[in-house]
Amino acid sequence: MELDAAGVGDKEGLLEACALSFDFPDSFGSNWDALSDCLQDFSWRSEQGYVILWHGVAKLAEAGPDDFSTALEIGRAHV
């Protein structure tokens, strides 16, 4: 799966990009806990496994380093 985060510079933008790119369910709560939960359970998708390619990380890394760090931490927890 590809996460298109080009132009994303904050948590809200990243969570929105994740919801769109990964086709999260409508119940997605748009917070870090909800992101973690969704990355842990892709039961609404049919594939056996997933690889996430994150495009456009530079702006978030520069504009929101704490958000970038948190997103990486959440991603690493589900590897």
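## Pocket lining and aromatic cluster

The lining of the largest pocket holds 14 nonpolar residues, 3 polar and 1 charged. Here Ala, Val, Leu, Ile, Met, Phe, Trp, Tyr, Cys and Pro count as nonpolar, Asp, Glu, Lys and Arg as charged, and the others, Gly among them, as polar. This is a predicted model: local features need pLDDT of at least 70, side-chain atom pairs pLDDT 80 or more, while totals for chains, interfaces and linings use all residues. Residues are numbered from 1 along each chain as its sequence is written, and side-chain values use heavy atoms, without hydrogens and water.

The largest pocket encloses about 400 Å³. Its 18 lining residues include Leu39, Ile52, Gly75, Arg76 and His78, the closest to its centre. A pocket is an open set of points on a 1 Å grid over the protein atoms alone, where a 1.4 Å probe fits, with protein on both sides within 12 Å along at least five of seven lines; lining residues have an atom within 4 Å of a point. The volume is the space filled by probe spheres set on the points, joined across faces, edges and corners. α4 gives the largest share of the lining, 4 residues.

The structure holds 6 aromatic pairs (Phe, Tyr or Trp ring centres within 6.5 Å, with the six-membered ring for Trp; planes under 30 degrees apart are stacked, over 60 edge-to-face, the rest tilted). Two of them follow.

| Pair | Centre to centre | Plane angle | Type |
|---|---|---|---|
| Phe22 and Phe24 | 5.6 Å | 55° | tilted |
| Phe22 and Phe42 | 6.4 Å | 90° | edge-to-face |

Phe22 and Phe42 are both buried (under 20% relative accessible area, 1.4 Å probe, protein chains only). Ring pairs link Phe22, Phe24, Phe28, Phe42 and Tyr50 into a cluster.

Technical notes:
Helices (H or I, at least four residues) and strands (E, at least two) are DSSP runs, numbered from the N terminus. Buried means under 20% relative accessible area, exposed over 50%, partly exposed in between (1.4 Å probe, protein chains only).
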